[in-house]
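User: Please take a close look at one part of this model, the loops and turns, and explain it for a first-year student. Then please follow the chain from there into the parts that these loops and turns connect.

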Amino acid sequence: MNEQPTRICILGGGFGGLYTALRLNELPWERSQRPEITLIDRSDRFLFSPLLYELVSGEMQTWEVAPPFAELLEGTAIKFCHACATEIDLEGKQILLEGGTTLPYDKLVLSVGGKTPLDVPGAKDYALPFRTLEDAYRLQARLRDLEASERDKIRIAIVGGSYSGVELACKLADRLGERGRIRIIERCPDILTNAVEFNRKSAKTALEARQIWLDLETDVQSIDSDAIALLYKGQVDIIPADIVLWTVGTTATPLLETLPLKRETQGRVVIAPTLQVLDCDGVFALGDLADCRDAVGQKVPATGQSAIQQADYCAWNLWASLTGRPLLPFRYQPLGEMMTLGIESATVSGMGIKLDGSLGYLTRRLAYLYRLPTLKHQLAVGLNWITQPLAELLSQ
């Protein structure tokens, strides 16, 4: 009689979850030790989130940025479960899915990311977050309606002057051209407070060239259907806005808030350098939801770059825990920062390299092409990038 293989459930198909699953599938398992790997996600598509901005500008297509899990996992032993998890029973080691189905596990990986808190009056009703494929679709639909209207100017307010806010502003400015009236609202004295100086200077140059207004040291008081109320030095101004985009903040999903796990002040789950959840046997966590310090005590930033690196360690440590090998503490390697600054323009800084403009754009594209989850998808996207300009040239 065959023994039930070890069941590894990975909850969340973002960078941390998908890349952990793919790496687990590649490791040298003996036949008797190979586990049953199940990836669970509420969406049927993986999202390569750093390229989400290219959907807004029309530079890329949905299949490139958000390929279906079924395609990515084809030819692997990984099972994909397209479902929404509603509860996790840590003692009983099972996941309750929407509809009442339960999924048992022996090892669990938590990688569900976070959500954007819309915690200002009117934000839930009138602001658009920019985090998911559905968010990008909603923004696209709203832009198409405004572009088809007879209004002279399209006014957009972007809350947050971090990478996401700056990248969105530049893409939208290039898309809308003379019709665009774009402003970034940031409560700090400067934008990109955590960025390297080269990227910050390049961003300011790009924003100035596109006449994007900066409201620094400014708080959002409320949002209405066609306006946003801003507080600056004790004075409230009502600014007309056709679209308000909300790019700040990350909080834990309701699914994790119910679990008895140790958390830090912002709600992230505290984990050991081996990516194991404290006082919770057989549970690992990575990505946005995890408060992680690596082997040398370095605070790990909540970025896609970090999650991809963590996925390699998470997969290895799961394999090690099932094959009698020692677990490895995570060692974060900062590889630099990249940022898109409009259509066919970007900045790249790190590992001794500083590039901007079209050369930065090409370098960023190639770096992300290499980071796409499977070789098959890399080849399909790379071939499309090569042939699409040729096809457009021949059609002229």
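**Loops, turns and the strands beside them**

Analyst: Gln-211 counts as exposed, because its relative accessibility is 70% and the limit for that class is over 50%. The model is a predicted one, and the values below are computed from it. Gln-211 belongs to the loop that runs between α8 (197–209) and β12 (213–216). Its phi angle is near 55 degrees, which is positive although the residue is not glycine. As a general rule, most residues other than glycine have a negative phi.

A second loop residue deserves attention. Asp-279 sits in the loop between β18 (269–270) and β19. Its phi is about 55 degrees, a positive value in a residue that is not a glycine. Asp-279 is classed as exposed because its relative accessibility is 84%.

A positive phi also appears in a turn. Strands β14 and β15 form a hairpin with two residues between them, and Lys-233 in this turn has a positive phi of about 50 degrees. The two arms of the hairpin, β14 (residues 227–232) and β15 (residues 235–240), pair in the antiparallel sense over six bridges. Within this pairing, Leu-231 has Val-236 of β15 as its bridge partner.

The loop of Asp-279 leads to β19, and this strand opens the way to a sheet. Five strands make up that open sheet, in the order β3-β2-β1-β7-β19, with parallel pairing. The edges are held by β3 (79–82) and β19 (283–285); each has a single partner strand, so one side of each lacks a neighbour in the sheet. From one strand to the next, the twist averages 20 degrees. Further inside the order, β1 (residues 7–11) pairs with β7 (residues 107–110) in the parallel sense over four bridges. Leu-11 stands opposite Leu-110 of β7. In general, the strands of a sheet pair through backbone hydrogen bonds, either parallel or antiparallel.

The antiparallel form is found in another open sheet, which has three strands in the order β4-β5-β6. Its edge strands, each paired on one side only, are β4 (85–89) and β6 (102–104). Neighbouring strands of this sheet are turned by 20 degrees against each other on average, direction ignored. Four bridges join β4 to β5 (residues 94–97), and Ile-88 stands opposite Ile-95 in β5.

The side chains can be considered next, beginning with the cysteines. The structure holds zero disulfides. The sulfur of Cys-170 has its closest cysteine sulfur in Cys-188, at 19 Å, and that is too far for a bond, since a disulfide requires the two sulfur atoms to lie within 2.5 Å. Cys-170 is buried, because its relative accessibility is 0%, whereas Cys-188, at 29%, counts as partly exposed.

Helices come into view at the second largest pocket, which holds about 470 Å³ of space. It is lined by 20 residues, and those closest to its centre are Tyr-19, Leu-22, Glu-26, Leu-372 and Pro-373. Helix α1 gives the largest share of this lining, five residues. Among the helices that each supply at least two lining residues are α1 (15–26), α11 (357–371) and α12 (375–395). By class, the lining of this pocket has nine nonpolar, four polar and seven charged residues.

Methods:
Residues are numbered from 1 along each chain as its sequence is written. This is a predicted model: local features need pLDDT of at least 70, side-chain atom pairs count only at pLDDT 80 or more; totals for chains, interfaces and linings use all residues. Side-chain values use heavy atoms; hydrogens and water are left out. Two strands pair if DSSP finds at least two bridges between them. Axes are lines fitted to C-alpha atoms, for helices over the stretch in contact, and angles run from 0 to 180 degrees between N-to-C directions. Buried means under 20% relative accessible area, exposed over 50%, partly exposed in between (1.4 Å probe, protein chains only). On a 1 Å grid over the protein atoms alone, a cavity is a set of points where a 1.4 Å probe fits but cannot get out, and a pocket is an open set with protein on both sides within 12 Å along at least five of seven lines; lining residues have an atom within 4 Å of a point. Grid points are joined across faces, edges and corners, and a volume is the space filled by probe spheres set on the points. Ala, Val, Leu, Ile, Met, Phe, Trp, Tyr, Cys and Pro count as nonpolar, Asp, Glu, Lys and Arg as charged, and the others, Gly among them, as polar.
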